[in-house]
Amino acid sequence: MDWTDPGKMPLKRGCLVVLLVLSWVSSLRAQDENRVMFSLGTFQNVSVPVNGTVHAVVSRIPADVSFLTLQFHTHHRNVTLSYTPIPLYGSSVTAADAGLLSTLTLSQTTVSWFLKTPDGSSAAGVGVILPYTSTDPVPGACNQEFPLEIDPNIYLQYNLFETTITFAPANIGYGRGESPPACDVDTDSSTRWRLVYELYQYFLPEGDLSEQSLISSLERAANVQNMQDNGRKVVSLSSHDRTQFSFSSLPGQGVIFSVIVRDPVLNTSASYIPVHTYACSFNSTLDGCSDLGRVSSKVFFTVMGLAGLFVCFVGHRFFKCELFCMGFCFMAFIFFVLITTTTALEYDIRLALTALMGVVGGVAMVMSWWRFGSVMACVLVVGLILGFLISSIAFFTPLGDLPIFHNDVVFWVVFACIMVFVPLFFIRWPREGNIITCGVVGGYAVVLAVNAYTYTSLSYITLDVLKRLLNHNFSRAFISVPLQDIDFIMITVWVVLGVSGIVMQLYREKSRPFFPPSPYVMWKQERERRKTNVLDPSHHKPSLSARILGRIRQLTQRTEPAGETTPLLF
């Protein structure tokens, strides 16, 4: 059939119209099939089909509502929220925790959004639409950094050391059909500069990476009231402060971050879109969330835990073993910091080299005591280890989050003062100080060994200090971590081990000498005694070198034949 025939052109146009109508009808039918009706304030489970788009709709919006926020959360897959069926730059956002804000016109009662995945795959998550009135602040309405005109999202980035969140400033509320107040014209109390921001954290159950746990936790942190009741407020800031904050990364520990903006004049508030992280990747085959416990780390810390248990109860009795363990820890920590900051070696190689240098440090400490016999010098090194742990515990508390300690100079000066002060106690009571160190440090080594198999926040007592040494930007991070059931159990275990080990060693060693003598010093004293005591049979015994030379002569010299040895008598 020749479609170029002028007589058949109307038929051609008719076919095209029919095809367009059929396509439009099928599109409407697909949209109806993927349409999800929301109710204000009610969580709704949503599944995005393969290569499909979900049409999210809310209707019957009350007249006193001025704007709405739609937030959608998935476990780890990115989704795209947009105002239009086809996502466009400036009208869509893509994230695992995505949200949009829609302002309403005077007579508007229905709002719709569109949801799809950026790669066309399927995804499942939970969404909720929250209403706000004209007196509530508008989150992200003074955005000048991100693509959306009004951006209520919290943008999160993380690495091994820190997790950083950033958000756009808010504006004061306004009614339907009104023009939004200017953001940066004035700075008086009638503008957005009166607004106050509060940062909240909500910690998921330790070691629980399941989607069910995340969804139930998000329902307890999605709006203002729930986050206030269940979350932990980290800091409050004014509109003149930076809208970027850093927190210590906790790989494998789920954390939900939220920002609540308040209007102190009208006593109203609104919530940004909460965002969550596990500080690890579910999509990576290397260093992923499913591979947090490395075999090398388990072996290393298991051996350390067994050594710590030995030192905790009999470390002072077996002084050379204790010195080896303490020298190992001292040298291993210093070397790990040096090799991490100066090289780009893989973790397993660094850990192996750290263990090797730890052995060298342990042997060096034992040999220094064996050769020079200076107990006080060795005990002072042991005291520095206890001082380091006590100082780390002090900054593990809320004391470490005080703004003054975000300054590196102040932090390290105070840290060093606490660390150096502890060994001064050892000068007056060296044996007691050494036994206390055995109990406290040995018990903490057991805690670290348990952490290699199950997550516990107590490992961050020393890990936060290590992060601060390795990352110069870590000083600005908030280092608060959750204390949950497993942590209280491990604190109890640590206290029981430490107290029982200290009491047992003090009881056993009360009738013994303070410290065992150095073998080399004892040998020198014995040698001097032999030289001066002529009644000692060993005084007439040739020296070791003379005996060795004599034996060599016997083996190498030729024996002359024996002749007449009796003198003749004349």
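1. In this predicted model, helix 7, which spans residues 375-396, and helix 8, which spans residues 408-428, each supply at least two residues of a nonpolar patch on the surface. The patch has an area of about 470 Å² and is made by M376, L380, F421, L424 and I427. When you look for these side chains in the structure, keep in mind that the largest share of the patch, 3 residues, comes from helix 8.

2. M376 is a useful residue to look at within this patch, and it lies in helix 7. Is M376 buried, partly exposed or exposed? Its relative accessibility is 34%, and because buried means under 20% and exposed means over 50%, M376 counts as partly exposed.

3. A separate feature to examine is the second largest pocket, whose volume is about 460 Å³. Its lining is formed by 21 residues, and the closest of these to the centre of the pocket are N78, A96, L156, Y158 and H276.

4. Which strands each supply at least two residues of the lining of this second largest pocket? They are strand 6, covering residues 92-95, strand 10, covering residues 154-158, and strand 17, covering residues 275-277. The largest share of the lining, 5 residues, comes from strand 10.

5. The chemical character of the lining of the second largest pocket can also be described by class, with 10 nonpolar residues, 10 polar residues and 1 charged residue.

Technical notes: Residues are numbered from 1 along each chain as its sequence is written. This is a predicted model: local features need pLDDT of at least 70, side-chain atom pairs count only at pLDDT 80 or more; totals for chains, interfaces and linings use all residues. Side-chain values use heavy atoms; hydrogens and water are left out. On a 1 Å grid over the protein atoms alone, a cavity is a set of points where a 1.4 Å probe fits but cannot get out, and a pocket is an open set with protein on both sides within 12 Å along at least five of seven lines; lining residues have an atom within 4 Å of a point. Grid points are joined across faces, edges and corners, and a volume is the space filled by probe spheres set on the points. Helices (H or I, at least four residues) and strands (E, at least two) are DSSP runs, numbered from the N terminus. Ala, Val, Leu, Ile, Met, Phe, Trp, Tyr, Cys and Pro count as nonpolar, Asp, Glu, Lys and Arg as charged, and the others, Gly among them, as polar. Patches are made of residues with over 30% relative accessible area and no salt bridge: like charges are joined within 9 Å, nonpolar side chains (Val, Leu, Ile, Met, Phe, Trp, Tyr) within 5 Å. Accessible areas come from the Shrake-Rupley method with a 1.4 Å probe; for residues, only the protein chains shown count as cover. A salt bridge is a side-chain nitrogen of Lys or Arg within 4 Å of a carboxyl oxygen of Asp or Glu. Buried means under 20% relative accessible area, exposed over 50%, partly exposed in between (1.4 Å probe, protein chains only).
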